[in-house]
Amino acid sequence: MGLGGCIILIAVGAILTFATDWHMQGVNLDLVGVILMIVGLIGVTTFSSIARRRRVMVPPTSTTVVETERRHTDGYSDGYGV
């Protein structure tokens, strides 16, 4: 169920709860409306958390390799005495 379906559930639940005065025997439409709104809100939060997780981009890790040329000297580091 996408974001649109969740919003429709919330809207239908709000209509059943606040805008109707129908009375059906054995069915409490106010409770059904509240349940639909709660399910819609749970769907919106789940959808938004999944969408946020998809948008997170991890920059590619590149390792910089620096090669240095080592010169072998005969025990002297400053070049004297060679």
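Modeller: Before we look at this predicted model, one cut-off is needed: a residue is buried under 20% relative accessible area, exposed over 50%, and partly exposed in between.

Colleague: Why is Phe47 called partly exposed?

Modeller: Phe47, which is found in helix H2 (residues 29–55), has a relative accessibility of 34%, and because partly exposed covers what lies between 20% and 50%, Phe47 counts as partly exposed.

Colleague: What makes the nonpolar surface patch that includes Phe47?

Modeller: The patch is made by Leu3, Ile7 and Phe47, and its area is about 250 Å²; for Phe47, the value of 34% can be set against the requirement of over 30% relative accessible area for patch residues.

Colleague: Why is Thr17 called buried?

Modeller: Thr17, placed in helix H1 (residues 3–19), has a relative accessible area of 15%, and since buried means under 20%, Thr17 is therefore buried.

Colleague: How do you know that the side chain of Thr17 has a polar atom 2.8 Å from the backbone oxygen of a residue, and which residue is that?

Modeller: The residue is Gly13, whose backbone oxygen lies 2.8 Å from a polar atom of the Thr17 side chain, and the cut-off for a polar contact is within 3.5 Å.

Colleague: Which residues does Thr17 contact, leaving aside its neighbours within four places in sequence?

Modeller: With those neighbours left aside, Thr17 is in contact with Asp30, Gly33, Val34 and Met37.

Colleague: What share of the protein's residues count as buried?

Modeller: Of its 82 residues, 13% count as buried, and the protein has 2 helices and 0 strands.

Conventions
Residues are numbered from 1 along each chain as its sequence is written. This is a predicted model: local features need pLDDT of at least 70, side-chain atom pairs count only at pLDDT 80 or more; totals for chains, interfaces and linings use all residues. Side-chain values use heavy atoms; hydrogens and water are left out. Helices (H or I, at least four residues) and strands (E, at least two) are DSSP runs, numbered from the N terminus. Buried means under 20% relative accessible area, exposed over 50%, partly exposed in between (1.4 Å probe, protein chains only). A polar contact is a pair of N or O atoms within 3.5 Å; within protein, one must be able to donate a hydrogen and the other to accept it, and residues adjacent in sequence count only if both atoms are side-chain atoms. Contact means heavy atoms within 4.5 Å. Patches are made of residues with over 30% relative accessible area and no salt bridge: like charges are joined within 9 Å, nonpolar side chains (Val, Leu, Ile, Met, Phe, Trp, Tyr) within 5 Å. Accessible areas come from the Shrake-Rupley method with a 1.4 Å probe; for residues, only the protein chains shown count as cover. A salt bridge is a side-chain nitrogen of Lys or Arg within 4 Å of a carboxyl oxygen of Asp or Glu.
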